[in-house]
Amino acid sequence: MVDRNLLEKISKLLALANSPNEHEAASAAEKAAELLAQHNLSVADLGQDKDGDITKGIVDKTGRYVTWKMWILAGIANANGCQAMRSTYSGEMRLVGTETNITVSQSVYKYLTAVVDKLVKQHRGKGRAFINAFRVGCATRLRQRLEQGRKNMETKGIVANADYNSTSAIVVRSMFEKHTLAIQAYLKQEGVKCKTQKSTGVNSDLGFSFGYIAGEKISLNYLNQNLHKDKFIKQLTIK
């Protein structure tokens, strides 16, 4: 069963993450991520499996592989102990993980894709190639920051505050490893066959650069911001 109080609290934080006040937005996004991580850890520590069952959920549906959307979803999935994939048959973009992690990840996906769409409007008239590259650049930076957030927790642990106790890095890593193994077992049981897909290149370096810079400014500044552009954009698909 999903902890509805937890989801309600995280949903409120995600709503604040869209605040025009940059400090308030960043703090809210940080708190939402930490609450989710701490929730998983507390369940694992107590040996409670009620929220440990792996399932799948549909996040979006596209007629073709949309690089920037899959790039964002992959970053969110990695940060929240899920796995992202897209069905080549139905076009459904899916998450595999615990019910709580999927629900929160869906909310984060909705928030971040809406932000990217909003930023795109500031560049109307610059052509389709620029806009497409802008989206990919923005999504690239967002994914890097999301994944670095997980790495930070795995390396440094979670610092205590008024809402929860501190958690060591080794316990954080154990929690993520537990999710990974459970997801792998689920996919094997379901007979899901996956392959890695490379995205096509962008046709506007300027558009990518503008998007990459924009992705740096979206309210996730609690994450490490020193990564660089990846050469390839990959994501899992279902055959």
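Analyst: A crossing is right-handed if the near helix is turned clockwise from the far one by less than a right angle. In this predicted model, the crossing of H5 and H7 is right-handed.

User: OK, what describes the packing of H5 and H7 besides the hand?

Analyst: An angle and a distance: two packed helices are described by the angle between their axes and the distance between the axes. Here helix H5 (residues 128-156) and helix H7 (residues 205-217) sit at about 35°, and their axes are 6 Å apart. On the H5 side the contact includes Phe-130, Ala-133, Phe-134 and Gly-137, while H7 brings in, among them, Leu-206, Gly-207, Phe-210 and Gly-211.

User: What makes up that contact of H5 with H7 by class?

Analyst: Eleven nonpolar residues, six polar ones and four charged ones. Mind that Gly counts as polar in this scheme, and Gly-137, Gly-207, Gly-211 and Gly-215 are among the residues of the contact.

User: Why are H3 and H4 called oblique to each other?

Analyst: Helix H3 (residues 67-79) and helix H4 (residues 99-120) pack at about 140°, with axes 10 Å apart. Roughly antiparallel needs over 145 degrees, and roughly perpendicular runs from 65 to 115. An angle of about 140° falls in neither class, nor is it under 35, so H3 and H4 come out as oblique. As for the hand, H3 passes H4 in a right-handed crossing.

User: How do you know which residues of H3 and H4 meet?

Analyst: The test is heavy atoms within 4.5 Å. By that test Trp-68, Lys-69, Ile-72, Leu-73 and Ile-76 of H3 meet a set in H4 that includes Ser-105, Val-108, Tyr-109 and Leu-112. Sorted by class, the contact of H3 with H4 has eight nonpolar, two polar and two charged residues.

User: And where do H4 and H5 touch?

Analyst: Their axes come within 10 Å and cross at roughly 145°, again with a right-handed crossing. Leu-112, Val-116, Asp-117, Leu-119 and Val-120 of H4 face a group in H5 that includes Ile-131, Phe-134, Arg-135 and Cys-138. That contact splits into nine nonpolar, no polar and two charged residues. Leu-112, Val-116 and Asp-117 also turn up in the contact with H3.

User: Why is Arg-150 called buried?

Analyst: The cut-off is under 20% relative accessible area. Arg-150 has 15%, so this residue is buried. Arg-150 is found in helix H5. Beyond its neighbours within four places in sequence, Arg-150 is in contact with Asn-78, Ala-79, Phe-176 and Thr-180. Its C-alpha atom is 9.2 Å from that of Gly-81, though the two are 69 residues apart along the chain.

User: What makes Ser-87 buried or exposed?

Analyst: Ser-87 has a relative accessibility of 4%, under the 20% limit, so it is buried. Ser-87 lies in strand E2 (residues 83-87). The C-alpha atoms of Ser-87 and Lys-61 are 9.1 Å apart, with their positions 26 residues apart along the chain.

User: Now the cysteines. How many disulfides are there in the whole structure?

Analyst: Zero. A disulfide would need a pair of cysteine sulfur atoms within 2.5 Å, and the search of the whole structure turns up none.

User: Why is Cys-194 called partly exposed?

Analyst: Because 34% lies between the 20% and 50% limits, Cys-194 counts as partly exposed. Cys-82, on the other hand, is at 10%, under 20%, so Cys-82 is buried.

User: Zooming out, which elements does the protein have?

Analyst: Seven helices and five strands, running α-α-β-α-β-β-α-α-α-β-α-β from the N terminus on. Of the 239 residues, 51% count as buried. Among contacts with a separation of 6 or more, 76% join residues 24 or more positions apart.

Note on methods:
Residues numbered from 1 in each chain as written. Predicted model: local features only at pLDDT ≥ 70, side-chain atom pairs only at ≥ 80, totals over all residues. Heavy atoms only, no water. Axes fitted to C-alpha atoms, helices over the stretch in contact; angles between N-to-C directions. Helix = DSSP H or I, 4+ residues; strand = E, 2+ residues; numbered from the N terminus. Buried < 20%, exposed > 50% of the residue type's maximum accessible area, 1.4 Å probe, protein only.
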